[in-house]
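The following exercises ask the reader to work from a sequence and its three-dimensional structure. Each task is followed by a solution in steps.

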Amino acid sequence: LDLSVCSLRFAEIKEGDVVRHDGKRSDGYLEHIFKHAAKELFGMDVKEITYKALKNKDFQEVTLEKDGETVLRFAAAYGFRNIQNMVLKLKKGKFLYHFVEVLACPGGCLNGKGQAQTEDGKPDKALLNQMEEVYTAIPVRLPESNVHVQKMYQDWLEGMDSKKVQETLHTKYSAGNQTASNLDIKW
């Protein structure tokens, strides 16, 4: 089956079928991935996640400790300045995170340039709060328990552990040779 068949399946979704992932806002999947990793890798069922602001409110860290040792370290880097700082630390080998959620907009997606702003281009905090309330009112459903996601895996991806899943959804990275051109990037 091709992508058009998958699109037809999602066209069947009704308004009552709309769900969201874990998290307080419509940012990325950091909370879901963190909870899933804690359970799958360490057998720990994490209910609440506590973000720790590092340099600013748009660069935050989430950690999981087991037996006094930090076993998972995730970060959320929002806005280009935080992303640039993260990349520089990565290049210097001073980057300790297992997973980083990167979003271009400071404050996350709901605070993006085309979103919650007044006519003079300043953040509209009342509208942003209203959007967050609407978003959090949508029920949470884990992707692995969503019938539409399960159908996509079965019909389009040929099963959960298929070769097509590996080719389509999984990526492997390896260290490449650094050349002068990629070391000379000016932020």
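**Exercise 1. Compare the expected span of helix α4 with the distance between its end C-alpha atoms.**

Step 1. Helix α4 comprises residues 125–137, that is, 13 residues. Helices (H or I, at least four residues) and strands (E, at least two) are DSSP runs, numbered from the N terminus.

Step 2. The expected span is 1.5 Å times one less than the number of residues, and for α4 this gives 18 Å.

Step 3. The end C-alpha atoms of α4 are 18 Å apart, which agrees with the expected span.

This is a predicted model: local features need pLDDT of at least 70, side-chain atom pairs count only at pLDDT 80 or more, and totals for chains, interfaces and linings use all residues. Residues are numbered from 1 along each chain as its sequence is written, and side-chain values use heavy atoms, with hydrogens and water left out.

**Exercise 2. Determine which residues of α4 are buried and how they are arranged about its axis.**

Step 1. Buried means under 20% relative accessible area, exposed over 50%, and partly exposed in between (1.4 Å probe, protein chains only).

Step 2. Leu128, Glu132 and Tyr135 are the buried residues of α4.

Step 3. Viewed down the axis of α4, the buried residues fall within an arc of 65 degrees, so they line one face of the helix. The arc is taken over the directions from the helix axis to the C-beta atoms.

Step 4. On the other side of α4, the residues Ala126, Glu133, Val134 and Ala137 are exposed.

Step 5. An α-helix has 3.6 residues a turn, so residues three or four places apart point the same way.

**Exercise 3. Describe the largest nonpolar core.**

Step 1. A nonpolar core is a set of buried Ala, Val, Leu, Ile, Met, Phe, Trp, Tyr and Cys residues joined through side-chain atoms within 4.5 Å.

Step 2. The largest core has 14 residues, of which Phe34, Val46, Val62, Leu64, Leu72 and Phe74 touch the most other members.

Step 3. Two or more residues each come from α2 (30–42), β2 (59–66) and β3 (69–78). The most come from β3, which gives 5 residues.

**Exercise 4. Where is Asp67 found, and is Asp67 buried or exposed?**

Step 1. Asp67 is found in the loop between β2 and β3.

Step 2. Asp67 has a positive phi of about 55 degrees, although it is not a glycine.

Step 3. Asp67 counts as exposed because its relative accessibility is 76%.
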